[in-house]
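Load the model and keep the sequence beside it. The paragraphs below walk through the fold from the whole chain to single residues.

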Amino acid sequence: MSLLETYLQKYNTNMNQMHILSGLPETTVRNLNKKELNQWTIKQLDAVSLTVNKKREIVMSELESLIASTNSQNKKFGRYDLQQRRYIGNKTRLLNWIRELINEHTVGKTFFDVFAGTGVVTKEFLDDYSTFIINDFLFSNNIIYNAFFGSEEYQSERLLTLKKEYNSIQKRILDDTYFEDNYGGKFFSHHDAMIIGEIRERIDKNDNINKRERAILIASLLYSSDKIANTVGHYDAYRKKINVTDKFIFELINPVDTTNKDIQIYRKDANELAREVSCDIAFIDPPYNSRQYSRFYHVLEGISKWEKPQLTGVAMKPPAENMSEYSKFAAPRAFDDLINNLDAKYIVVTYNNTYKPKSSSSKNKITHEQIIESLSKVGNTQQFEMPYQFFNAGKTQLKDHKEFVFITEVGIFSEKSSFK
């Protein structure tokens with residue numbers, strides 16, 4: 001929770017009330033919530049003063065004290081923040097633009113991150129809404145959401161003690177040789193693979209930690225492993241022409257402060273979940289091309305599930321599961337079904353124009369026109385666009401690549417729809 005929101009809540013009020021009482025535009029109030037105190041103007045401070053019925057000088061003093069208190073409480077104990085992952089389609093570089101569009105063209109309190117991926121979109125909007133629905137079909141992403149966004153209390157000292165224990169491991173004690181046999185000398189050195197397997201087994205057998213602490217430890221193992229993995233950012237293959245050296249260090253993640261937020265975490269088929277929940281804003285960023293995320297990140301999925309199945313192929317993959325319809329020819333039908341069954345006031349869709357590349361794996365299964373057609377059935381839609389440097393695995397060369405955002409006001413039909 002940001003400074004302004006925390007301060008207003010202390011006096012049983014909120015940003016919407018500040019907007020009403022002070023006359024400041026709603027977007028100005030939201031943007032103020034993202035700024036450092038030294039960036040606030042006198043007019044904005046006076047608006048806060050009016051809202052809490054206190055003099056400006058007192059408000060300034062209380063805000064400075066709140067900052068000092070928050071800083072002392074929020075000292076990080078881990079290395080990895082949520083966004084520090086290698087992930088295809090990661091929207092981190094586009095978040096400011098997307099947030100500005102959503103803040104300007106939507107209103108509401110409940111945010112549904114339908115295909116949450118890394119979870120960075122939810123984190124970006126954490127200060128803007130009171131209720132979040134986070135969903136993704138990958139086991140690894142689900143564990144990461146529970147680790148970063150979960151509400152259960154965790155003991156920092158306990159986790160730091162376990163971190164020290166894990167980094168002192170020299171030999172296998174509890175684990176078998178599964179992880180080293182399959183991934184040693186490939187995605188990791190043999191020694192690092194042994195360490196990773198041993199840590200995961202110790203987490204699995206630890207009865208002295210709660211569910212949140214277990215999720216934090218597994219998520220920390222995922223981030224620490226991914227950081228040093230011998231890959232180009234995913235696990236469809238490993239680099240064969242380099243010497244895989246020992247690099248692994250176990251580092252903890254930094255969970256996100258979700259105080260006073262209602263966070264609902266799911267691992268369900270998006271089209272099924274759409275029929276079960278309601279929201280104000282539904283944010284949709286599905287996998288548009290043929291890359292199956294469960295296959296691209298199978299090593300992280302394996303660490304998360306820890307079921308040790310039989311592996312095959314050069315990349316040592318398990319039997320296929322969690323195969324998304326959005327990466328198949330059925331994608332347009334699945335997308336249309338999703339849009340028609342969402343119980344939302346606004347639908348926000350992100351899309352990039354990569355459906356005419358040379359590489360078949362980069363070919364979008366849903367076209368620009370099909371997205372517009374589906375959205376236009378449920379309400380008034382506006383389109384926004386900007387150039388963007390896309391994910392490139394080496395075979396795709398595209399000029400004039402753009403990222404699009406569609407915002408649909410559900411149930412409203414007019415001539416306002418704009419498509420550039």
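Helices (H or I, at least four residues) and strands (E, at least two) are DSSP runs, numbered from the N terminus. This is a predicted model: local features need pLDDT of at least 70, side-chain atom pairs count only at pLDDT 80 or more, and totals for chains, interfaces and linings use all residues. Residues are numbered from 1 along each chain as its sequence is written, and side-chain values use heavy atoms, with hydrogens and water left out.

Start with the whole chain. The protein chain has 17 helices and 7 strands. Of its 420 residues, 54% are buried. Buried means under 20% relative accessible area, exposed over 50%, and partly exposed in between (1.4 Å probe, protein chains only). The accessible surface comes to about 19,900 Å². Carbon and sulfur atoms hold 47% of that surface. Such areas come from the Shrake-Rupley method with a 1.4 Å probe; for residues, only the protein chains shown count as cover. Now look at contacts, meaning heavy atoms within 4.5 Å. Among contacts in the chain with a separation of 6 or more, 77% join residues 24 or more positions apart.

Next comes the sheet. It is open, has 7 strands, and runs in the order 3-2-1-4-5-7-6 with mixed pairing. Two strands pair if DSSP finds at least two bridges between them. Strand 3 (262–266) and strand 6 (379–387) are the edges, each pairing on one side only. On average, neighbouring strands of this sheet are turned by 15 degrees against each other, direction ignored.

Zoom in on strand 1 (residues 110–113). In a regular strand the side chains alternate between the two faces of the sheet. Here both faces are covered. Thr 110 and Phe 112 are buried on one side, Phe 111 and Asp 113 on the other. Strand 1 runs parallel to strand 2 (residues 131–135), with 4 bridges joining them. It also pairs in the parallel sense with strand 4 (residues 278–284), over 3 bridges. Asp 113 takes part on both sides: Ile 134 stands opposite it in strand 2, and Phe 283 is its bridge partner in strand 4.

Move outward to strand 3. Strand 2 and strand 3 run parallel, joined by 5 bridges. Thr 131 has Asp 262 as its bridge partner in strand 3. Helix 8 packs on the sheet and touches strand 2 and strand 3. The direction of helix 8 makes about 165 degrees with that of strand 3. Axes are lines fitted to C-alpha atoms, for helices over the stretch in contact, and angles run from 0 to 180 degrees between N-to-C directions.

Strand 7 (residues 402–410) holds Phe 406. Is this residue buried or exposed? Phe 406 is buried, with a relative accessible area of 0%. Its contacts, not counting residues up to four places away in sequence, include Ile 347, Val 349, Tyr 351, His 368, Leu 375 and Gln 382. Thr 350 is 56 residues apart from Phe 406 along the chain, yet their C-alpha atoms are separated by 6.4 Å.

Now the cores. A nonpolar core is a set of buried Ala, Val, Leu, Ile, Met, Phe, Trp, Tyr and Cys residues joined through side-chain atoms within 4.5 Å. The largest has 78 residues, and those with the most contacts inside it are Phe 111, Phe 179, Phe 188, Ile 199 and Leu 217. Helix 12 (residues 211–228) gives the largest share, 9 residues. Apart from this core lies another, of 29 residues, with Ala 270, Ala 334, Ile 339 and Ala 344 among them. Back in the largest core, Phe 179 touches Phe 188, Ile 196, Val 299, Ile 303 and Trp 306, among others.

Two of those partners lead to helix 15 (residues 298–305), where Val 299 and Ile 303 are among the buried residues. Why call this helix largely enclosed by the rest of the structure? Because 6 of its 8 residues are buried. Their cover includes helix 8 (139–149), helix 10 (178–183), helix 11 (190–205), helix 12 and helix 14 (293–296). Trp 306 follows helix 15 with a positive phi, near 55 degrees.

Finish with helix 2 (residues 15–22) and helix 4. Their axes come within 9 Å and cross at roughly 100 degrees. The two helices are therefore roughly perpendicular to each other; angles under 35 degrees count as roughly parallel, over 145 as roughly antiparallel, 65 to 115 as roughly perpendicular and the rest as oblique. Met 18, Leu 21 and Ser 22 in helix 2 meet residues of helix 4 including Gln 44, Ala 47 and Val 48. Those three helix 4 residues are also among its buried ones. Asn 53 follows helix 4, and its phi is positive, near 60 degrees.
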